[in-house]
Amino acid sequence: MRNFTNVKDIGPLDLAVKEALEVKANRFAYQHLGKNKTLMMIFFNSSLRTRLSTQKAAMNLGMNVIVLDVNQGAWKLETERGVIMDGDKAEHLLEAIPVMGSYCDVIGVRAFAGLKNKAEDYEERVINQFIRYSGRPVFSMEAATRHPLQSFADLITIEEFKTKERPKVVMTWAPHPSALPQAVPNSFAEWMNATDYDFVITHPHGYELAPEFVGKARVEYDQRKALEGADFVYAKNWSAFADPNYGKILSKDRDWTVDTEKMALTDNAFFMHCLPVRRNMIVTDDVIESERSIVIPEAANREISAQVVLKRILESL
Ligand code: CP
């Protein structure tokens with residue numbers, strides 16, 4: 001695997017999950033792959049899980065790791081070509097990228113959507129510039145429209161906890177005080193659509209995701225109806241995708257918060273969320289602290305999804 005930005009890059013999902021479970025059972029078996037190899041992780045946005053789990057995965061593989069928080073201590077970066085750089089941005093990304101590439105063997109990039117310009121966000125300008133100009137394999141640590149390391153970890157978690165061959169998985173919108181990108185729900189939908197699970201998306205009117213991500217999923221506007229018989233409840237907030245409201249908050253209706261009454265409609269479902277989560281906005285304390293909440297094993301699987309991706313990239317060098 002050269003680059004990892006979406007579900008297609010990982011190939012057949014059954015093989016990817018099998019490899020993930022093998023890696024999880026023996027995570028130090030591939031240390032030879034990373035010897036004298038350097039991973040550079042570049043963050044344009046904050047992170048807890050992605051940063052720690054990816055660094056741990058790289059260390060499991062014997063790699064050296066460099067982390068750059070672009071907004072803390074680096075030169076302010078210009079990303080637009082053709083701009084007269086007479087403002088506060090001292091360096092252009094088009095020089096910075098190949099320089100960064102010269103210090104490492106693999107690059108991970110986190111660069112969220114700006115939520116101001118849909119076309120710009122959906123063309124994935126930042127990560128595509130890294131792919132084009134770094135000369136190195138590049139993987140997404142959450143880009144503008146997708147978060148594939150998260151979705152892969154979500155899939156591994158569902159495979160570990162499912163008790164039915166074809167579980168019902170419901171992704172539900174839930175309220176949040178600030179506008180969030182569509183990357184996690186887009187990506188989760190993309191990965192669920194690549195399985196044969198019974199996959200349902202529920203959200204208020206106005207929160208429709210891009211059709212290419214909704215795919216074959218059933219969309220149900222009545223959250224309670226959607227949750228009936230669910231085996232997994234995946235809660236997430238996202239801002240509006242559809243014009244003219246792209247990137248806007250249309251509702252903070254706490255009637256969409258996942259609580260014990262909603263979970264009682266399910267088939268004793270497991271509760272999932274990518275974290276960080278706003279308690280009593282997205283989900284109540286009772287639900288996230290319940291024995292059916294699997295948010296911690298889900299986060300722990302971020303180490304495994306990152307390790308499979310890095311392992312495959314190292315094997316291709
Ligand atoms: N889920 C996730 O990507 O967490 P961080 O934003 O903390 O990395």
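**Notes on the nonpolar cores, aromatic pairs and surface residues**

1. A good place to start is the largest nonpolar core, which has 54 residues. Phe139, Phe152, Met171, Phe199 and Leu310 are the residues with the most contacts inside this core. Helix H12, residues 295–316, gives the most to this core, with seven residues. Please keep in mind that this is a predicted model.

2. There is also a second, separate core of 20 residues. Val200, Val258, Met263 and Leu275 are among its members.

3. Back to Phe199, one of the residues with the most contacts inside the largest core. Leaving aside residues up to four places away in sequence, Phe199 touches Val169, Met171, Phe188, Ala189, Met192, Asn193, Ala217 and Arg218. Met171 is itself on the list of residues with the most contacts inside the largest core.

4. Now for the aromatic rings: a search of the whole structure finds 12 aromatic pairs. Phe188 and Tyr234 make a stacked pair, at 3.7 Å centre to centre with 10° between the planes. This pair links distant parts of the chain, with Phe188 in helix H7 (residues 183–193) and Tyr234 in strand S10 (residues 232–236), 46 residues apart. Phe188 counts as buried because its relative accessibility is 0%, below the 20% cut-off. Tyr234 is buried too, with a relative accessible area of 1%.

5. Phe241 and Tyr246 offer an edge-to-face pair, with 6.4 Å centre to centre and 85° between the planes. Both of these residues are buried.

6. Phe4, Phe152 and Trp191 come together in one aromatic cluster. Phe152 will be familiar from point 1, as one of the residues with the most contacts inside the largest nonpolar core.

7. On the surface, have a look at Ile66, Val99 and Tyr103, which form a nonpolar patch with about 270 Å² of accessible area together. Ile66 belongs to strand S2, residues 64–69. Ile66 counts as partly exposed because its relative accessibility of 36% falls between the 20% and 50% cut-offs.

8. Finally, Met85 sits in the loop between strand S3 (77–78) and strand S4 (91–92). With a relative accessibility of 36%, Met85 counts as partly exposed. Apart from residues up to four places away in sequence, Met85 touches Glu78, Ala90, Glu91 and His92. Met85 and Met100 are 15 residues apart along the chain, and their C-alpha atoms are separated by 21 Å.

Conventions: Residues numbered from 1 in each chain as written. Predicted model: local features only at pLDDT ≥ 70, side-chain atom pairs only at ≥ 80, totals over all residues. Heavy atoms only, no water. Core = buried A, V, L, I, M, F, W, Y, C linked by side-chain atoms within 4.5 Å. Buried < 20%, exposed > 50% of the residue type's maximum accessible area, 1.4 Å probe, protein only. Helix = DSSP H or I, 4+ residues; strand = E, 2+ residues; numbered from the N terminus. Contact = heavy atoms within 4.5 Å. Patch = residues over 30% accessible without salt bridge, like charges linked within 9 Å, V, L, I, M, F, W, Y side chains within 5 Å. Areas by Shrake-Rupley, 256 points an atom, 1.4 Å probe, with all protein chains shown as cover. Salt bridge = Lys/Arg side-chain N within 4 Å of Asp/Glu carboxyl O. Phe/Tyr/Trp six-rings, centres within 6.5 Å; stacked < 30°, edge-to-face > 60°.
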